[in-house]
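Work through the exercises below with the model open beside you. Each has a task, then a stepwise solution.

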Amino acid sequence: METARPLAVVTGASSGIGLELALQCASNGFDLVIASDRSQTEAEREIRARGAKVRSVITDLGTEEGIQQLVGAIGGTRVDALLANAGQGLGKAFLDQDFAALRRIVDTNITGTLALIHRIGRTMRDQGAGRILITGSIAGFMPGTFQAVYNGTKAFIDSFSWALRNELQDTGVTVTCLMPGATETEFFKRADMTDTKVGSQEKADPAAVARVGFKAMMDGEGDVIAGFKNKLMAAAAHVTPASVLAEQHRKMAEPGTSERH
Ligand SMILES: NC(=O)c1ccc[n+]([C@@H]2O[C@H](COP(=O)([O-])OP(=O)(O)OC[C@H]3O[C@@H](n4cnc5c(N)ncnc54)[C@H](OP(=O)(O)O)[C@@H]3O)[C@@H](O)[C@H]2O)c1
């Protein structure tokens with residue numbers, strides 16, 4: 001891809017936080033490669049409206065072929081920022097979930113994210129510069145009763161992000177973890193969680209979440225929790241027994257707890 005401006009690669013840009021992260025990049029001088037599983041026509045239109053070039057890759061980032069397809073589309077173009085945001089959730093009790101669907105959560109949120117960062121991170125280290133933003137979650141601080149595997153994947157990402165950041169500290173490459181709380185996106189519908197309290201309650205604006213994430217990435221911060229209430233929740237989670245957190249999560253994520261009954 002020919003680009004006169006710095007290049008940002010944003011995954012999961014078809015909707016929600018990823019779309020807003022891509023728009024932040026476009027408004028702040030980046031051209032883009034965006035990737036997700038469905039049509040990104042709306043995202044492409046909005047990015048171009050901000051004066052940025054965009055190349056769109058439709059692929060499953062939970063597979064090795066999908067990652068290769070995205071890396072192939074980037075080709076030899078220098079990547080200045082990688083915003084590894086694609087992810088998905090899955091509600092209901094662990095033993096009642098379909099195992100193939102569960103595995104897809106792990107494949108997308110962990111394996112695909114790692115595979116992409118491994119490839120692009122190496123070229124960033126070689127070029128001596130780069131910014132990596134990974135979308136983790138405050139969900140990573142609590143055992144996710146009725147969303148157990150998803151919270152586990154985010155605990156992995158929250159932890160991995162700090163470790164990679166430390167490993168890269170003298171290389172010119174920064175790693176930032178964006179940790180949103182519940183945000184108004186397609187996430188809960190796709191995770192089959194609209195009948196839960198967390199799925200039905202009022203949530204944060206994805207544009208506001210993306211703004212703080214983008215700024216933290218550009219400032220080279222280690223992590224950022226979006227929203228004051230979420231900062232308090234995260235602080236409390238560090239000193240609350242896991243058994244209590246698991247019970248609190250049940251109240252938010254158990255099927256049938258929707259506030260819209
Ligand atoms: N919403 C929240 O409350 C919340 C809170 C904390 C963290 N997060 C995290 O924020 C990130 C973005 O989620 P969101 O809330 O913006 O939800 P969303 O609106 O459902 O967006 C998820 C994005 O990820 C893409 N994606 C998911 N699986 C993919 C796969 N296998 N291959 C390619 N693309 C894939 C989706 O693309 P397709 O639609 O094309 O599949 C979509 O663009 C996720 O990592 C999520 O875990 C969300």
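**Exercise 1. A ring cluster**

Which residues do ring pairs link into a cluster?

Solution. The model is predicted. Look for ring pairs that join up. Y150, F187 and F188 are linked into a cluster in this way. The structure holds 4 aromatic pairs.

**Exercise 2. The pair F30 and F214**

Task: classify the ring pair of F30 and F214, then place both residues in the chain and judge their burial.

Solution.
1. Take the geometry. The ring centres of F30 and F214 are 6.3 Å apart, and the planes meet at 90 degrees.
2. Apply the cut-off. Planes over 60 degrees apart count as edge-to-face. The pair is therefore edge-to-face.
3. Place the residues. F30 sits in the loop between helix 1 (16-27) and strand 2 (31-36), while F214 belongs to helix 8 (residues 206-219). They are 184 residues apart, so the pair links distant parts of the chain.
4. Check burial. The limit for buried is under 20% relative accessible area. F30 has 5%, so F30 is buried. F214 has 6%, so F214 is buried as well.

**Exercise 3. The pair F156 and F160**

Task: determine how the rings of F156 and F160 are arranged, and whether each residue is buried, partly exposed or exposed.

Solution.
1. The centres of the F156 and F160 rings lie 6.3 Å from each other, with 20 degrees between the planes.
2. Under 30 degrees counts as stacked. The F156 and F160 pair is stacked.
3. Both residues lie in helix 5 (residues 148-167). Their spacing is 4 residues, about one turn of the helix.
4. Partly exposed runs between the 20% and 50% limits. F156 has a relative accessible area of 35%, so F156 is partly exposed. F160 has 22%, so F160 is partly exposed too.

**Exercise 4. Two residues of helix 4**

Task: describe the surroundings of N109 and M124.

Solution.
1. Start with N109. N109 lies in helix 4 (residues 99-127).
2. Its relative accessible area is 1%, so N109 is buried.
3. List its contacts, leaving aside neighbours within four places in sequence. N109 touches G87, Q88, Y150, T153, K154 and I157. One of these, Y150, is also in the ring cluster.
4. Move to M124. M124 is in helix 4 too. Its relative accessibility is 0%, so M124 counts as buried.
5. Apply the same sequence filter. M124 is in contact with V79, D80, A81, L82, A129, G130, R131, I132 and V173.
6. Add a distance along the chain. M124 and R103 are 21 residues apart, and their C-alpha atoms are separated by 30 Å.

**Exercise 5. The whole chain**

Task: compare the radius of gyration of the protein chain with that of a compact globule, then summarise its fold and surface.

Solution.
1. Count the elements. The protein chain has 10 helices and 7 strands.
2. Test the size. A compact globule of 261 residues would have a radius of gyration near 18 Å; the chain has 18 Å, which agrees.
3. Add the box. The C-alpha atoms fill roughly 50 × 40 × 30 Å along the principal axes.
4. Assess burial. Of the 261 residues, 50% count as buried.
5. Assess contact range. Among contacts with a separation of 6 or more, 67% join residues 24 or more positions apart.
6. Turn to the surface. The chain exposes about 11,900 Å², and carbon and sulfur atoms supply 53% of that.
7. Finish with charge. There are 28 positive and 30 negative side chains. The centres of the two sets lie 3 Å apart.

Definitions and conventions
Residues numbered from 1 in each chain as written. Predicted model: local features only at pLDDT ≥ 70, side-chain atom pairs only at ≥ 80, totals over all residues. Heavy atoms only, no water. Helix = DSSP H or I, 4+ residues; strand = E, 2+ residues; numbered from the N terminus. Rg over C-alpha atoms; globule rule 2.2 N^0.38 Å. Buried < 20%, exposed > 50% of the residue type's maximum accessible area, 1.4 Å probe, protein only. Contact = heavy atoms within 4.5 Å. Areas by Shrake-Rupley, 256 points an atom, 1.4 Å probe, with all protein chains shown as cover. Lys, Arg positive; Asp, Glu negative; His and termini not counted. Charge placed at Lys NZ, Arg CZ, Asp CG, Glu CD. Phe/Tyr/Trp six-rings, centres within 6.5 Å; stacked < 30°, edge-to-face > 60°.
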